[in-house]
Amino acid sequence: MPRILSLLFCLILGITTIATYAADTTTTPPTSAPAEISAKKSNHSYLPTNEIKQITIDNQPYDLLVRPWEGKKKLGAAIILPATNGTADAPGLMAFVRRNINPAGWASLSLTPPTELPAANFATAATEVTSPGAAQLSSPSNKPSPKIKPEDNSKHLQEQEDFLVQSMSQLDAVGADYVGKRILITADQSAGLLISLLSQKKIADPDVLIVINPYREDEKLNQALAEQLAKLTLPILDIQSPDGHPASLETAANRKILAVTLKSPNYRQTSLALNLDNESAWQNCLNAIKGFSARMSGAQ
């Protein structure tokens with residue numbers, strides 16, 4: 001009899017424990033949820049939280065990375081816009097500049113760049129396939145096929161410009177702690193977009209503009225880039241690397257010639273000896289940016 005009572009007691013205790021455990025798992029939220037939510041808020045959770053700010057564009061949050069100046073010099077802020085389709089901390093030259101310009105007396109405000117339109121899907125329904133040899137190619141054989149449909153191009157370019165205008169308009173509030181001069185550092189297609197916006201007076205002129213391998217993918221817009229750049233009246237450092245995009249290399253000589261022709265006194269073009277996949281070139285770029293910015297802004 002005592003053995004039976006003992007077995008019954010153990011059975012009741014086991015059932016009670018299982019029920020209690022089941023109740024706990026249904027009422028207690030997983031402990032990993034806050035970490036997952038935090039990760040979704042920013043693509044840069046590996047950075048210190050005090051470096052990550054956010055701006056809002058069309059009701060969507062975008063990261064703005066901020067690093068304060070270091071040391072005694074407090075010259076102002078460097079606004080950094082990486083290449084399109086990148087991030088505010090895009091690996092390579094721009095991330096290197098973002099992290100290493102601060103000891104020279106510049107805070108860095110790194111923007112999320114606009115995206116490019118995805119390549120269009122030109123799939124054709126079987127019923128719409130033309131007969132063999134009947135105008136199958138709509139673009140010249142010696143030119144690359146367009147990435148996007150022509151009818152989508154203008155709309156997307158306008159969206160990119162609107163994105164940058166809204167981004168730039170929110171920098172005053174974020175950068176209020178870093179009084180002084182403003183230098184704008186940008187590369188590749190982002191540089192081409194900003195040159196266009198500056199030429200149209202859609203954004204305010206910085207004290208110094210630094211462009212690295214600037215180009216536009218559209219051929220007509222790319223050819224117009226040299227004149228737009230030469231007509232800007234602010235100090236400009238135009239850095240060209242040997243591994244720049246072919247569209248940038250194509251206009252490099254003309255950018256310099258037009259600046260001389262139009263007597264742009266504050267334009268300087270620097271040709272790098274090394275490709276930008278070489279870290280030595282990053283340091284050369286940074287040295288050129290620091291020297292030109294301090295000298296031309298008068299913030300030495």
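Start by selecting L111 and showing everything around it: leaving aside residues up to four places away in sequence, L111 touches I55, D63, L64, I79, I80, L81, P82, T87, A88, S167, M168 and L171. Keep in mind as you click around that this is a predicted model.

**Stop 1: the core around L111**

Why begin there? L111 belongs to the largest nonpolar core, a set of 33 residues, and along with L209 and I236 it touches the most other members. Add L209 and I236 to your selection.

Now colour the elements that give two or more residues to this core: the strands β1 (52-57), β2 (60-67), β3 (76-81), β4 (106-111) and β6 (208-212), plus the helices α4 (150-169), α6 and α7 (219-231). Which of them gives the most? That's α6, with six residues.

Next, pick out L237, I239, L272 and W282. These are among the 26 residues of another core, which lies apart from the one you just coloured.

**Stop 2: Q189 in α6**

Go back to helix α6, which covers residues 188-199, and select Q189. Is Q189 buried or exposed? It counts as buried, because its relative accessibility is 11% and the cut-off for buried is under 20%. Show its surroundings too: beyond residues up to four places away in sequence, Q189 touches T84, E116, Y215 and E217.

**Stop 3: where α7 meets α8**

Select α7 again, together with helix α8, residues 246-261. At what angle do they pack? About 30°, with the two axes 9 Å apart. The crossing is right-handed.

Now show the side chains that make this contact. On α7, choose N222, Q223, A226, E227, L229 and A230; on α8, choose A247, E250, T251, N254, R255, L258 and A259. Try colouring them by class: you should find six nonpolar, four polar and three charged residues in this contact.

**Last stop: the whole chain**

Zoom out and switch to a cartoon view. Nine helices and eight strands make up the count for this chain. Of its 300 residues, 40% are buried, and you have already visited one of them, Q189.

Then turn on the surface. The accessible surface comes to about 17200 Å², and carbon and sulfur atoms account for 56% of that.

One last thing to look for is how the chain meets itself. Take the contacts between residues at least 6 apart in sequence: 77% of them join residues at least 24 apart. For an example of a contact to trace, go back to L111 and follow it to I55.

Notes
Residues numbered from 1 in each chain as written. Predicted model: local features only at pLDDT ≥ 70, side-chain atom pairs only at ≥ 80, totals over all residues. Heavy atoms only, no water. Helix = DSSP H or I, 4+ residues; strand = E, 2+ residues; numbered from the N terminus. Buried < 20%, exposed > 50% of the residue type's maximum accessible area, 1.4 Å probe, protein only. Contact = heavy atoms within 4.5 Å. Areas by Shrake-Rupley, 256 points an atom, 1.4 Å probe, with all protein chains shown as cover. Core = buried A, V, L, I, M, F, W, Y, C linked by side-chain atoms within 4.5 Å. Axes fitted to C-alpha atoms, helices over the stretch in contact; angles between N-to-C directions. Left-handed = near helix turned anticlockwise from the far one by under 90°. Nonpolar A, V, L, I, M, F, W, Y, C, P; charged D, E, K, R; others polar.
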